[in-house]
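Subject: Structure handover

Hello,

Here is the structure I said I would pass on. My notes on it follow below.

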Amino acid sequence: MDTTISPEAPRARAYFEKLSTVSFAEAHRLKKKYGSPLLALSRSRARASYQSLTRALPNVRIFYAIKSNPHPDILKTLKEEGASFEVASYGELKQIMQFGVLARDILNTQPFLSEYDFTQCYKAGQRWFIFDNADQLTRLTCGTNDIDLLLRLSFPNRNCQVDLSYKFGATIKEAPELIKSAVATGARVHGVSFHVGSQSYTTKNYLKALVAVRRLFDQLQHEGILLDTVDIGGGFPVPYTCPLPSIEHFALPIRRKLYELFPGMNICAEPGRFICGLAQTLITSVNGKNIRRGVPWYYLDDGVYNSFSGKVYDHCVYSILTEGTGTYAKSVLAGPTCDSFDIVSEDIMLPHLEIGDILLVPAMGAYSNVSSTTYNGFSQAKIIAID
Ligand SMILES: Cc1ncc(COP(=O)(O)O)c(C=O)c1O
């Protein structure tokens, strides 16, 4: 499968143009002022996505996963909206506490938090932690039982972009013993968390997980252990290559299942991508061109070592918009570094481009600039807040 697409059909183009945080005219203005490449960040987009998720999942406490994009403007905007935050290290905790967020409103979801990180987070006032194994439970509880715990469960999912149950999470079979061991420490054991996989294309895995968790809670209740919290993780998708149903539509079966199986319980979610994914558009320019073996090659000022790093780490397929129309031909889009691996797309249908032309890549807000490097001395795209 190709790694980027360039929508040719007018309706598809119009759809992705609407997703972009900037028009081509605005992109030209920004390029003139700040240079290229740029990431045009829209705070109002992040705000709108947060608000639509809270409407789609009422009574679910939202912990924004800051790993997806910790840009200060996004963090400040979400704090203003009343969001809570999810972190996985002491470094991330410090990042978000700078904005006056209280440690008690921050969930730490790292099941292998180092002793150093745990001690620092704890000293800073953080209390909510996650474990998925007995050693970590011992690390978290050997010096204290003034701590709130969730057990991370694993629910593998092929129908997503990144399976987050491969590396972390206890199986549902291991869960009763781990929870009983946690309760025995005297810590406040609240329930479980899971992540169905990032950019989940269906809700099936959420529903399957919720049914399994209900059975687990019932089994433990018979043994006198009452749990009160379910954390449904992230995974809510954004449209990269084709339109998706609205979040209201996507979340409805989850909302119904939560209402049916967990009335009155504390429900949390840890969305990242859904909140920041559409909040940034990449503005990149053609820096050079050539015909190689009969195929047009265009060399961009941004590549897989930079904003397109999501192609590698996030397995992401982006849609690229060009200004030109005309006849489309199979082309190659390459990044600026010396590495032949730095190819944005080998097989993309593009109109003829000239040096200096701008390309827009909407939906580059999540897992993009966070993994960008300065390899080969190429700067990362500047992030410019446009609204
Ligand atoms: C523990 C945890 N929570 C939340 C998230 C955010 O997931 P998403 O961006 O799919 O919403 C991630 C992503 O890696 C994660 O690892």
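In helix α5 (residues 90-97), the buried residues include Tyr90, Glu92, Leu93 and Ile96. Looking down the axis of α5, the buried residues fall within an arc of 160°, so they line one face of the helix. They pack against α4, β4 (84-87), β5 (106-108) and α6. Please keep in mind that this is a predicted model.

Helix α7 (residues 134-141) can be read in a similar way. Its buried residues include Gln136, Leu137, Leu140 and Thr141. Down the axis of α7 these buried residues fall within an arc of 120°, so they too line one face of their helix. Among the elements that cover them are α6 (115-123), β6 (128-131), β7 (148-153) and α8 (175-184).

Next, a helix pair. Two packed helices are described by the angle between their axes and the distance between the axes. For α3 (residues 43-56) and α4 (residues 72-81), the angle is about 40° and the axes are 9 Å apart. That angle makes α3 oblique to α4. The crossing of the two helices is right-handed. On the α3 side, the contact is made by Arg43, Ala46, Arg47, Tyr50 and Gln51. These meet Asp73, Thr77, Leu78, Glu80 and Glu81 in α4. By type, the residues of this contact divide into five charged, three nonpolar and two polar.

Two single residues are also worth a look.

The first is serine 20, found in the loop between α1 (10-19) and α2 (24-34). Is serine 20 buried or exposed? Serine 20 has a relative accessible area of 6%, and buried means under 20%, so serine 20 counts as buried. Setting aside neighbours within four places in sequence, serine 20 is in contact with Arg45, Thr281, Leu360 and Pro362.

The other is glutamine 199, which lies in strand β10 (residues 198-200). Glutamine 199 is buried as well, with a relative accessible area of 2%. Which residues does glutamine 199 contact, leaving aside its neighbours within four places in sequence? From the 159-161 stretch there are Asn159, Cys160 and Gln161. Further on along the chain come Gly235, Phe236, Pro237, Val238, Tyr240, Leu244 and Arg273. As for glycine 377, it is 178 residues from glutamine 199 along the chain, and the C-alpha atoms of the two are separated by 32 Å.

Regards

Note on methods. Residues are numbered from 1 along each chain as its sequence is written. This is a predicted model: local features need pLDDT of at least 70, side-chain atom pairs count only at pLDDT 80 or more; totals for chains, interfaces and linings use all residues. Side-chain values use heavy atoms; hydrogens and water are left out. Axes are lines fitted to C-alpha atoms, for helices over the stretch in contact, and angles run from 0 to 180 degrees between N-to-C directions. Helices (H or I, at least four residues) and strands (E, at least two) are DSSP runs, numbered from the N terminus. Angles under 35 degrees count as roughly parallel, over 145 as roughly antiparallel, 65 to 115 as roughly perpendicular and the rest as oblique. A crossing is left-handed if the near helix is turned anticlockwise from the far one by less than a right angle, and right-handed if clockwise. Contact means heavy atoms within 4.5 Å. Ala, Val, Leu, Ile, Met, Phe, Trp, Tyr, Cys and Pro count as nonpolar, Asp, Glu, Lys and Arg as charged, and the others, Gly among them, as polar. Buried means under 20% relative accessible area, exposed over 50%, partly exposed in between (1.4 Å probe, protein chains only). The arc is that of the directions from the helix axis to the C-beta atoms.
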